[in-house]
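Student: Please take a close look with me at the sheet in this model, and then at what else can be described around it. I would like each term explained when it first comes up.

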Amino acid sequence: MFGAAPFAHTQAPIASDPNAIDWSDPLYGPVSVMDFAKVAKTKLDPLAWDYLEGGSEDELTLRENVDAYSNWIIRPRMLTDVHRIDTSIELFGSKLEYPILLDPVGGKNCFHQGGEIAVSKAAANAKALHITNGGIDDLIDAGTAPTFWQVTTGGQLGSPAAMRAFVKRLEGQGCKGICFTVDIMHVSKREREMRNKLERSWCEAGLPARDGSGRLPVAKNPWRAGVWPSRPEPTPTWATLSELCSATKLPVIVKGIMTAEDGDLCVKHGAKAVMVSNHGARQLDQLGATIEALPEVVAAVNGRIPVLLDGGIRRGTDVLKALAIGAKAVCIARPYLYGLTAFGQRGVERVLQILKSELALSMGLAGVANLAAIDSKLVRRKTR
Ligand SMILES: Cc1cc2nc3c(=O)[nH]c(=O)nc-3n(C[C@H](O)[C@H](O)[C@H](O)COP(=O)(O)O)c2cc1C
């Protein structure tokens with residue numbers, strides 16, 4: 001709950017000249033998500049920056065994910081009582097202070113050593129739901145029990161027995177839910193990584209040291225010979241989703257849905273939420289922005305389970321638009337990675353604080369005092 005003066009904070013130095021801004025200060029330097037991106041870029045090896053920022057092939061979807069929010073216009077309502085703004089929601093039986101979740105991200109050590117733990121701690125402090133995919137034991141040792149856990153192709157879902165054993169382990173460790181990522185059945189063609197000869201395992205361990213002339217060791221990027229590395233083993237199917245949902249009492253979110261048909265199938269196979277996502281435009285290119293896919297998925301799911309959305313959220317107004325179009329909550333990845341890269345745990349916390357403040361502010365200015373007051377009339381498509 002935000003009080004009557006939600007955005008007041010202690011005095012920051014006044015700087016009308018951007019060159020006078022002290023970017024090194026996470027509180028009084030960057031004031032928006034994209035300010036954090038600027039700081040992050042200066043701190044990161046260019047290879048790691050390309051891994052964070054890049055998409056697949058022509059990166060058309062990457063640009064559209066961000067730009068498509070401007071196809072939607074907010075229709076603000078006046079003279080409603082907005083002196084208190086309540087951004088809280090109920091999700092999977094828990095109350096969240098605000099509808100912004102943290103997406104799973106592989107390779108956080110590329111951006112910040114111990115990145116998974118830093119993000120986990122930041123999420124706990126900022127009371128945000130974090131979908132994690134780092135080492136369970138490391139997180140528990142660090143005192144940050146996992147909340148939602150991401151699974152995908154490979155070992156954990158390799159056989160029904162392996163799946164049941166993994167799920168029992170998650171349940172035993174207090175995990176609150178499972179996120180099944182369904183859009184990474186193949187290694188995609190990320191050309192920045194190919195040109196950079198980035199080896200994906202570096203992202204897990206952190207980049208290796210460069211030699212005296214600034215070169216990295218020869219990489220084993222799966223695409224390096226320019227040939228598509230197809231997968232030898234069968235990939236998960238809808239039957240896998242049914243098995244997963246019946247193997248656990250934990251709620252299963254399906255991440256990576258872009259069509260009405262698949263949204264409906266998620267419900268029919270036992271999912272407890274569907275996430276409209278195109279993997280931050282890192283998998284198949286040319287499939288359009290997630291915000292454009294949201295209406296058809298919302299219509300097909302028809303209120304049976306919550307619909308979440310990620311991709312391109314950079315402002316509180318983006319969150320507001322997604323909620324108006326029918327998302328129950330949104331997830332972010334690059335925004336918190338910018339914070340993590342720039343300032344570690346504090347940066348992640350600050351990015352979350354900025355986004356939730358922007359959301360509350362835009363709700364206050366649009367005449368909606370709580371999330372239940374947000375509906376499809378709050379937005380319209382821009383006419384050209
Ligand atoms: C560096 C990076 C690594 C990612 N790794 C994963 C992953 O391991 N599993 C997954 O489901 N999604 C992964 N994603 C996709 C995000 O979870 C999310 O769907 C997407 O990035 C959201 O868009 P945004 O970055 O514009 O917020 C990754 C994204 C980035 C930027």
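Tutor: Two strands count as paired if DSSP finds at least two bridges between them, and the elements themselves are DSSP runs numbered from the N terminus, with helices being H or I runs of at least four residues and strands E runs of at least two. Residues are numbered from 1 along each chain as its sequence is written. The model is predicted, so local features need pLDDT of at least 70 and side-chain atom pairs count only at pLDDT 80 or more, while totals for chains, interfaces and linings use all residues.

The sheet is open and has eight strands in the order β4-β11-β10-β9-β8-β7-β6-β5, with parallel pairing. Its edges are β4 (100–102) and β5 (131–132), and because each has a single partner strand, one side of each is left without a neighbour in the sheet. At the β4 edge, the partner is β11 (residues 329–332), joined to β4 in the parallel sense over three bridges; one residue to look for is Ile100, whose bridge partner in β11 is Val330. In general, strands of a sheet pair through backbone hydrogen bonds, either parallel or antiparallel.

If you follow the chain on from β9 (273–276), the loop that leads to α11 (290–301) contains Gln286. Its phi is near 65 degrees, a positive value in a residue other than glycine. Gln286 counts as exposed because it has 11 C-beta neighbours inside 10 Å, where exposed means 12 or fewer other C-beta atoms within 10 Å, buried means 20 or more, partly exposed lies in between, and C-beta atoms are placed from the backbone. The helix α11 is in turn part of what covers the buried residues of α3, which are Thr61, Leu62, Glu64 and Asn65; covering here rests on contact, meaning C-beta atoms, placed from the backbone, that lie within 7 Å.

There is also a ligand, with 23 residues around it, of which Asp103, Gly106, Gly280, Ala333 and Arg334 come nearest; a residue is near a molecule if its C-beta atom, placed from the backbone, lies within 6 Å of it. This shell divides into seven nonpolar, eleven polar and five charged residues, where Ala, Val, Leu, Ile, Met, Phe, Trp, Tyr, Cys and Pro count as nonpolar, Asp, Glu, Lys and Arg as charged, and the others, Gly among them, as polar.

Conventions:
Two residues are in contact if their C-beta atoms, placed from the backbone, lie within 7 Å.
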